[in-house]
Amino acid sequence: MTGETDLGPARLRRARIAIAAVFCTHGAVTGSFATRIPWIQEHAQLGAGTLGLALAFPALGAAVAMPLAGRINHRFGARAALRGLLSLWTLSLILPSLAPNLAVLCFVLFVYGATAGMSDVAMNALGVETENRLGRSIMSSLHGMWSVGALLGSAAGTVAAHAGADARLHHLVAALALTAAGLIAVRGVLDLRSAAEAEAPPHFALPPRSALLIGAIGFCAVFAEGASLDWSAVYLRDVLDTDAGLAAASTTAFALTMAVARLAGDRVVDRFGPVRTVRAGGVVATAGGLLVVTAHHPAAALAGFGLIGLGIAVVVPLAFAAAARSGPAPAQAIAGVATITYTSGLIAPSAIGAVADATSLVVSFGLVTLLAFALVAGAAVLRQRPAAADSRPADLDEPAGIRP
């Protein structure tokens, strides 16, 4: 990579803070949207099944558009690409609450997801490059800052829902504020460009076989995350008959535990290793799922969603790290795991809605509980292996990973 020449310790520290702020801003959009899903559902007059269908479109849009981010980075450079893509993502928050029916909601959620996926790839690629230049791990804490942003966005959404605020006004104000915050943050990230002789990245690369089992672990974690983030508020409202403010607080509880666990994740993994960390997390997430499906009081369900978030928090960062060590082409393996986890994000909302429509939301979260237990059984695929002798820093033009 080429670009800035003044990459001393002080500049790298500023870049690390800036990219952390970008992750935080990106997460705040997701948190702001998730807490108002019940409002959007009522406004568009949707049932559980049709809401689940609509909620599949963000992940579909992300999966379709994500490969374009590499080419945008290649053409415009890291900082300019991230500036534009992050702004499109923050402004897209305005769209879902304006949708009057299912068809329009599906379309705007596709656009919302496409901007999410492209900006996610751009910021993760810059995060990996910043980590490489610093010479120490920062990705877990960056994902933690994403969760902090989701927490802040969901907390503001909880306040807005409790006050009975119109989601259209809430999301307009939030989108403008987050766009301004994102533009300020991007000013400090590394300004890197692909070498002049470098070829543009491919549109699509099949994941290597070594990444498939690792991707399966990421699939389980992202399924549980997507289900909890998108459906927890609806679960409390429909199953436990809570008011809108308390229902929205379930998203906040989930985001809070995710943020705390990810911010502390590097130290935990260094002490216990990835396999034991993920196994213990799977036990915690399974206990949380059982608590949700057996809850007769909102407090128990809130605690259950919190435990799910705590248990799955570090799985995706560890899956990307394991993919990078799994073979001679780290970037291709990471991109493969990213594709699998995005597929999980695509399936989870609609699967939860379809199962709920056929049976109940309680049964849907029984499925989430089973997938959480799969983390206990499959954690061994994340066992650390010696890095390949010819390993190199990830190319900024290739997807380095996605959010949780």
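Helix α10 passes helix α13 in a right-handed crossing; the model examined here is a predicted one.

**Exercise 1. Determine how α10 and α13 are oriented towards each other, and identify the residues through which they meet.**

Solution.
- Step 1: Take the geometry. Helix α10 spans residues 244-263 and helix α13 residues 298-312; their axes come within 7 Å and cross at roughly 30 degrees.
- Step 2: Classify the angle. Angles under 35 degrees count as roughly parallel, and α10 and α13 are therefore roughly parallel to each other.
- Step 3: List the contact. From α10 come L246, A249, S250, A253, F254, T257, M258 and A261, which meet P298, L302, F305, G306, I308, G309, L310 and I312 of α13.
- Step 4: Sort by class. This contact has 12 nonpolar residues, 4 polar residues and no charged residues.

**Exercise 2. Carry out the analysis for α9 and α13, and state the hand of the crossing.**

Solution.
- Step 1: The axes of α9 and α13 come within 10 Å and cross at roughly 160 degrees.
- Step 2: Angles over 145 degrees count as roughly antiparallel, so α9 is roughly antiparallel to α13.
- Step 3: The crossing is left-handed.
- Step 4: On the α9 side, A221, A224, E225, S228, S232, Y235 and L236 take part, and they meet P298, A301, L302, F305, I308 and I312 in α13.
- Step 5: The contact divides into 10 nonpolar, 2 polar and 1 charged residues.

**Exercise 3. Describe the second largest cavity and the helices that enclose part of its lining.**

Solution.
- Step 1: A search of the whole structure yields 2 cavities of 30 Å³ or more. The second largest has a volume of about 40 Å³.
- Step 2: Its lining consists of W146, S147, A150, E225, L229, F254, A255 and M258.
- Step 3: At least two lining residues come from each of α7 (139-162), α9 (212-239) and α10.
- Step 4: By class, the lining has 6 nonpolar, 1 polar and 1 charged residues.
- Step 5: Relate the lining to the earlier contacts. F254 and M258 line the cavity and also belong to the contact of α10 with α13. E225, likewise a lining residue, takes part in the contact of α9 with α13.

**Exercise 4. Classify the packing of α4 and α6 by angle and by hand.**

Solution.
- Step 1: Helix α4 (residues 57-76) and helix α6 (residues 102-134) pack at an angle of about 40 degrees, their axes lying 6 Å apart.
- Step 2: α4 and α6 are therefore oblique to each other.
- Step 3: The crossing of α4 and α6 is right-handed.
- Step 4: Residues of α4 in the contact include G61, A65 and A69, and those of α6 include G113, G117 and V121.
- Step 5: In total, the contact has 19 nonpolar, 4 polar and no charged residues.

How values were computed. Residues are numbered from 1 along each chain as its sequence is written. This is a predicted model: local features need pLDDT of at least 70, side-chain atom pairs count only at pLDDT 80 or more; totals for chains, interfaces and linings use all residues. Side-chain values use heavy atoms; hydrogens and water are left out. Axes are lines fitted to C-alpha atoms, for helices over the stretch in contact, and angles run from 0 to 180 degrees between N-to-C directions. Helices (H or I, at least four residues) and strands (E, at least two) are DSSP runs, numbered from the N terminus. Angles under 35 degrees count as roughly parallel, over 145 as roughly antiparallel, 65 to 115 as roughly perpendicular and the rest as oblique. A crossing is left-handed if the near helix is turned anticlockwise from the far one by less than a right angle, and right-handed if clockwise. Contact means heavy atoms within 4.5 Å. Ala, Val, Leu, Ile, Met, Phe, Trp, Tyr, Cys and Pro count as nonpolar, Asp, Glu, Lys and Arg as charged, and the others, Gly among them, as polar. On a 1 Å grid over the protein atoms alone, a cavity is a set of points where a 1.4 Å probe fits but cannot get out, and a pocket is an open set with protein on both sides within 12 Å along at least five of seven lines; lining residues have an atom within 4 Å of a point. Grid points are joined across faces, edges and corners, and a volume is the space filled by probe spheres set on the points.
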